[in-house]
Amino acid sequence: MVPRPLLQPLVPRLRRLLPGLAMSSATGSFSLQQPLNYRGGARLQPADGGQVEEVYEPATGRVIAKLLCSGEKEVDLAVQSAKAAFKVWSQMSGMERCRVLLEAARIIREQRDEIATLETINNGKSIFEARADIDVSWQCLEYYAGLAGSLAGEHIQLPGGSFGYTRREPLGVCAGIGAWNYPFQIACWKAAPALACGNAMVFKPSPFTPISVVRLAEIFTQAGMPKGLFNVVQGGVATGQFLCHHPDVAKISFTGSVPTGVKIMEMAAKGIKPVTLELGGKSPLIIFSDCALENAVNGALMANFLTQGEVCCNGTRVFVERKILDTFTKEVVKRTQKIKVGDPLLEDTRMGALINRPHLDRVQNFIKQAKEQGAQVLCGGDLYAPDDPKLKNGFYMRPCVLGNCTDDMTCVKEEIFGPVMSILPFDTEEEVVERANNTKFGLAGGVFTRDIQKAHRVVAALNAGMCFINNYNVSPVELPFGGYKASGFGRENGRAAIEYYSQLKTVCVEMGDVESVF
């Protein structure tokens, strides 16, 4: 265990990041008085709204900030500020935008530990994971910085010396609506391609995790972006509705639940606005008997217990070939029982606290229902009380493995969004593919086998947008990420995202006289 005094050097650096924070130790004493809205290059209180939400530290259950929700006037001011900055940013060359994005990436990389600490305090995930999230964030900015200078249309030769060409142009002001499981990283995933293409963005984080995204906005300004190019509005459903309905918002990118995604689509349809939806999942992880067992066990743990299981693409339906069911299950249970749960800011912690009490209760109810329907709790699933008295009101539970599961159980069909793994046996390849696809979701899927032909054959048959072979939850920024079916559409990351943050203009040039048919 890492002694708490080793965390003390972060305190002065966090105070430099957030002058309004009061903090005497890393866990259990963080508080923030600074405004959480960001507009025109500065933190400020919203011009209207008035509704106050409490922001929690999941590790302790303490209120660490008061969130003032943005009303219609504040949303409009943020959009107008972004619209003004867009006029400047969109006229800059791709190389000029590249340099600013690279500088932002450099600042994030330099402040990695401090930003990760903010993320952990507000989200509850382990500091070990949070640092990895921040690394992905600056890598995303670097990747799209590299693409910014290469964005181009094409030239098409036409008869008689005439020709046509296409221009790739930005959309305008884009709305980003983030989720609470990866607050900083999701903001970067949405902002980086949008800004590289020349757009502006107004971002609304989850009201559960509003803190770190404002730091990203400050970094963008520090890196040299026009003030107002990336603004932050705070709030819940009403604030999101004002943003989606705003006539000057050209595109909406949303990460979150399926029901909210449906509402986003409905609002966007009224304004004929393109949307990117990254929604929920109930992804299959298929373990064949010819797999490398230790690697498959590692994959199953990675597919279920990252960020306390609060990951949309987690492979929570673990299909195991019956020949190795007992061996695999025994090893998974043994490894799950060793996962260190507790203070997320300690270096050896591998599972922190769930986001809040209502969500913890929801996950507990799924486990209770699973037992009532005949599933067997092989380990975990109960509430966890750390020894540290500071953590007694935190939102902890032990990671859970469920056996004796069947496809018709609620725990197998519905997204739990918590550290709960359901193990299901199968006998044949054809059978497991059919069962894997028997879901309304289609976000991800994984296969563990030494037979490379079978691996490619199975992933080709899976109805999922992100597939893994002999690994899981690996999401390099170079590769597109997104789902099929109810898991949404559009793509984040990779070159594919450029298509969703830009539009093509076609120009036809006639080199001779116009031939009239009249």
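**Exercise 1.** Determine how aspartate 248, at 26% relative accessibility, is to be classed.

*Solution.* The model considered here is predicted. Buried means under 20% relative accessible area and exposed means over 50%, with partly exposed in between. At 26%, aspartate 248 therefore counts as partly exposed. Lysine 83, with a relative accessible area of 33%, is partly exposed.

**Exercise 2.** Establish which parts of the chain the salt bridge between lysine 83 and aspartate 248 ties together.

*Solution.* The two side chains meet at 3.4 Å, N to O. Lysine 83 belongs to helix 2 (residues 72-89), whereas aspartate 248 lies in the loop between helix 8 (237-245) and strand 12 (249-255), so the bridge joins parts 165 residues apart in sequence.

**Exercise 3.** Describe the surroundings of threonine 449, and state whether this residue is buried or exposed.

*Solution.* First, locate the residue: threonine 449 is in the loop between strand 19 (444-448) and helix 15 (452-461). Next, consider its accessibility: a relative accessible area of 2% makes threonine 449 buried. Then examine its side chain, which makes a polar contact with the side chain of aspartate 290 at 2.7 Å and reaches the backbone nitrogen of aspartate 451 at 3.0 Å.

**Exercise 4.** Identify the salt-bridge partner of aspartate 290 and locate both residues.

*Solution.* The partner is lysine 454, the closest N and O atoms being 3.4 Å apart. Aspartate 290 occupies the loop between strand 14 (284-287) and helix 10 (293-305), and lysine 454 lies in helix 15, so the pair ties together parts 164 residues apart in sequence. Aspartate 290 is partly exposed at 23% relative accessibility, while lysine 454 is buried at 12%.

Notes
Residues are numbered from 1 along each chain as its sequence is written. This is a predicted model: local features need pLDDT of at least 70, side-chain atom pairs count only at pLDDT 80 or more; totals for chains, interfaces and linings use all residues. Side-chain values use heavy atoms; hydrogens and water are left out. Helices (H or I, at least four residues) and strands (E, at least two) are DSSP runs, numbered from the N terminus. Buried means under 20% relative accessible area, exposed over 50%, partly exposed in between (1.4 Å probe, protein chains only). A polar contact is a pair of N or O atoms within 3.5 Å; within protein, one must be able to donate a hydrogen and the other to accept it, and residues adjacent in sequence count only if both atoms are side-chain atoms. A salt bridge is a side-chain nitrogen of Lys or Arg within 4 Å of a carboxyl oxygen of Asp or Glu.
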